[in-house]
Amino acid sequence: MNGRDVPVDAEGGRSLLSVLRDDLNLTGSKYGCGEGRCGACTVLLDGAPTRSCQVAVGSVGHRKILTIESLEHDGQLHPLQQAFLNHDAFQCGLPGQKPIALPHPNPLLKGEGFCNRQI
Ligand code: FES
């Protein structure tokens, strides 16, 4: 989990999102639709963007998980995280929930890591 071994004692059928938020206090991944559609809960699972609301925690095993919290280093937010704070952005940060398609190599910062619901 974000570069550390994190033991988890949770019922295997619970969603990864639930365990991240409720057991590990990693609240950067959000509950949006709960149906795998909005992307608010996206994490990287072995490097692949994954909707954590759709993953049973029992299926994760020792796979590598990166959450949005992994972008912070030495107590410093990633510039994008800081920009959200500076501009009081929330959710995907754009009015009308338009998709974000950032040209960034980290999938957590690409469109699939944020709201990608088309309106
Ligand atoms: S809450 Fe997981 S995709 Fe919407």
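Which residues is Leu26 in contact with, once its neighbours within four places in sequence are left aside? They are Leu20, Arg21, Thr67 and Glu69. Here, two residues are in contact if their C-beta atoms, placed from the backbone, lie within 7 Å.

Before going on, a word about what you're looking at. This is a predicted model, where local features need pLDDT of at least 70 and side-chain atom pairs count only at pLDDT 80 or more, while totals for chains, interfaces and linings use all residues. Residues are numbered from 1 along each chain as its sequence is written.

**The overall plan**

The protein has two helices and three strands, and from the N terminus on they run α-β-β-β-α. Helices (H or I, at least four residues) and strands (E, at least two) are DSSP runs, numbered from the N terminus.

How confident is the predictor? The score to look at is pLDDT, the predictor's confidence in each residue, from 0 to 100. Its mean over the protein is 82, and 75% of the residues reach 70 or more. Among the elements, helix 1 has the highest mean pLDDT, 97, and helix 2 the lowest, 85. Over residues 93-102 the pLDDT is below 50, though in the model this stretch has 22 contacts beyond near neighbours in sequence.

**The sheet**

Three strands form an open sheet in the order 2-1-3, with antiparallel pairing. The edge strands are strand 2 (48-51) and strand 3 (65-66), each of which pairs on one side only. Two strands count as paired if DSSP finds at least two bridges between them. In general, strands of a sheet pair through backbone hydrogen bonds, either parallel or antiparallel.

Strand 1 (residues 42-45) pairs with strand 3 over two bridges, and Leu44 stands opposite Leu66 in strand 3. Strand 1 also pairs with strand 2, over four bridges. There, the bridge partner of Thr42 is Arg51 in strand 2.

Strand 1 and strand 2 make a hairpin with two residues between the strands, and in it Asp46 takes a positive phi near 50 degrees. Most residues other than glycine have a negative phi. Asp74 is another case, with a positive phi of about 50 degrees although it is not a glycine. Asp74 lies in the loop between strand 3 and helix 2 (79-86). Asn25, which follows helix 1, also has a positive phi, near 55 degrees.

**Inside and outside**

A residue is buried if 20 or more other C-beta atoms lie within 10 Å of its own, exposed if 12 or fewer, and partly exposed in between, with C-beta atoms placed from the backbone. Buried residues make up 26% of the 119 residues in the protein. Here are four residues to look up:

| Residue | Other C-beta atoms within 10 Å | Status |
|---|---|---|
| Cys41 | 26 | buried |
| Val6 | 13 | partly exposed |
| Asp46 | 10 | exposed |
| Asp74 | 4 | exposed |

Which residues make up the largest nonpolar core? It has 11 residues in all: Leu16, Leu17, Val19, Leu20, Leu26, Cys38, Ala40, Cys41, Cys53, Val55 and Val57. A nonpolar core is a set of buried Ala, Val, Leu, Ile, Met, Phe, Trp, Tyr and Cys residues joined through C-beta atoms within 7 Å. In soluble globular proteins, nonpolar side chains tend to be buried together. In helix 1 (residues 16-23), Leu16, Leu17, Val19 and Leu20 are buried.

**Two residues and their surroundings**

Let's start with Cys41, found in the loop between helix 1 and strand 1. Why does Cys41 count as buried? Because Cys41 has 26 C-beta neighbours inside 10 Å. Not counting residues up to four places away in sequence, Cys41 touches Leu17, Ser29, Lys30, Tyr31, Gly32, Arg51, Ser52 and Cys53. Lys30 is 11 residues from Cys41 along the chain, yet their C-alpha atoms are separated by 4.8 Å.

Now try Val6, in the segment before helix 1. Beyond residues up to four places away in sequence, Val6 touches Met1 and Leu24. Val6 and Leu24 are 18 residues apart in sequence and 8.9 Å apart in space, C-alpha to C-alpha.

Finally, the protein as a whole: of its contacts with a separation of 6 or more, 44% are between residues 24 or more positions apart.
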